[in-house]
Amino acid sequence: MPVPLLDLRAQHATIRDEILPALEALVDSQLFILGAPVEQLEREVAELSHTKYAVGCANGTDALLLALRAVDAGPGSEVITTPFTFFATAGTIHNVGAKPVFVDIDPKTFNIRSDLAGAARTSRTKAVIPVDLFGQMAPIEDVAKALPGIPLIEDAAQTIGARRSIDGEWRMAGELATIGTFSFFPSKNLGGYGDGGMMVTNDEGLATRLKRLRMHGGAKQYFHDEVGFNSRLDALQAVVLSAKLPHLAGWSAKRRENAAYYDAAFADLPDVTTPYIDASNESIFNQYTIRVEKRDALQAHLKNAGIGTSVYYPLPLHPQPCFGYLGYKKGSCPEAERAANEVLSLPIFPELTRDQLDEVVAGVRGFYGR
Ligand SMILES: Cc1ncc(COP(=O)(O)O)c(C=O)c1O
């Protein structure tokens, strides 16, 4: 039985009757740009994230771009981040004219090391972007403590609805950041039927500026205080996302159940390192990522068995050719480099059946002759 890495059609089938009437009503209204559906989703995401404000935008990449502009990161400034992330995290730093400064990851969680982030501070440091990788929050409070006074942009593209217990209190992804950013790319736990993104913050001034920046920088139409972007969240996407949002917690819980099933099934395989979830975290498992030495051979074996997998990410960002100008040498972020050679993400989506889970388990165990 083939098992895809992700089956969006299986999810759509479970909510088709909720989504299509909502889309039909929006099309009949012909009100496609911002408006009530986007404002409703902004209220819902702010509530979920325990923040005062949420501002929709075109995608998760733009959410980072707008956030960086809102904290005045630009030419002459540096932004500290992790090299083990999707390209957008650092691409946006470059695109605002700032310099990405990469520091290594914790090999257990794949998230940025706060001590190294603190040590990378210079007089030019304008922001830090920890990434909540694979659905697990980074140690946001430690990063903030290591860089006092530096705006913290939390790239929570993969992690909406995840939480972390800090001083005995559950804190949501995005909640403690200066600005938290989300992506609604279809493969995310809360995925649209196209692109979408959002920024959350507790700072009224930043929320106002983000709204301005997403509309060409003008507070009033045709009058521009600064040069911004055209980066609005499509009302069609907002309607889809508001219909899906009530399901998010259940879907993420199902992903955690699937993860626990794999954890137990691989527990006696010394060659397989299952995901490490920091005891303070509740992951939403956007990915279930194992570490193995013979990664490429295992991936090929699973492919032959019809099992979809992916490598997030095969090359960290500091050795990417486009960042050659930064001068990072091989070995400068050794844990990120090692992770890139060993990670493999397995199917984890909520609609996986028990038979499909067993197929994946059999595929992995078969590779090790167990
Ligand atoms: C960590 C991370 N940052 C940023 C993004 C960018 O989001 P989008 O694809 O919506 O632009 C993604 C999405 O893939 C991501 O995984």
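A polar contact is a pair of N or O atoms within 3.5 Å, and this cut-off is used in the first exercise on this predicted model.

**Exercise 1.** Determine which side chains place a polar atom within 3.5 Å of an oxygen atom of the ligand, taking Thr-61, Gln-158 and Ser-183 in turn.

*Solution.* Begin with Ser-183, where a polar side-chain atom is 2.7 Å from a ligand oxygen atom, a distance that falls within the 3.5 Å cut-off. For Thr-61, the separation between a polar atom of the side chain and an oxygen atom of the ligand is 2.5 Å, while for Gln-158 an N or O atom of the side chain lies 2.9 Å from an oxygen atom of the ligand. The ligand taken alone exposes 390 Å², of which the protein buries 92%.

**Exercise 2.** Describe the surroundings of the ligand, stating where the ligand sits and which helices supply at least two residues each to its shell.

*Solution.* The ligand sits in the largest pocket, and 15 residues surround it, with Gly-60, Thr-61, Asp-155, Ser-183 and Lys-188 coming nearest. Sorted by class, this shell holds 6 nonpolar, 7 polar and 2 charged residues. Turning to the helices, α3 (60-70) and α4 (88-95) each supply at least two residues of the shell, and α3 gives the most, with 3 residues.

**Exercise 3.** Decide whether Ser-123 counts as buried or exposed, and locate this residue in the chain.

*Solution.* Ser-123 is found in the loop between α5 (114-119) and β4 (125-129). Its relative accessibility is 75%, and therefore Ser-123 counts as exposed, since exposed means over 50%. Leu-147 is 24 residues from Ser-123 along the chain, and their C-alpha atoms are separated by 12 Å.

Key: Residues are numbered from 1 along each chain as its sequence is written. This is a predicted model: local features need pLDDT of at least 70, side-chain atom pairs count only at pLDDT 80 or more; totals for chains, interfaces and linings use all residues. Side-chain values use heavy atoms; hydrogens and water are left out. A residue is near a molecule or strand if one of its heavy atoms lies within 4 Å of it. A polar contact is a pair of N or O atoms within 3.5 Å; within protein, one must be able to donate a hydrogen and the other to accept it, and residues adjacent in sequence count only if both atoms are side-chain atoms. Accessible areas come from the Shrake-Rupley method with a 1.4 Å probe; for residues, only the protein chains shown count as cover. On a 1 Å grid over the protein atoms alone, a cavity is a set of points where a 1.4 Å probe fits but cannot get out, and a pocket is an open set with protein on both sides within 12 Å along at least five of seven lines; lining residues have an atom within 4 Å of a point. A molecule sits in a cavity or pocket if more than half of its atoms lie within 2 Å of its grid points. Helices (H or I, at least four residues) and strands (E, at least two) are DSSP runs, numbered from the N terminus. Ala, Val, Leu, Ile, Met, Phe, Trp, Tyr, Cys and Pro count as nonpolar, Asp, Glu, Lys and Arg as charged, and the others, Gly among them, as polar. Buried means under 20% relative accessible area, exposed over 50%, partly exposed in between (1.4 Å probe, protein chains only).
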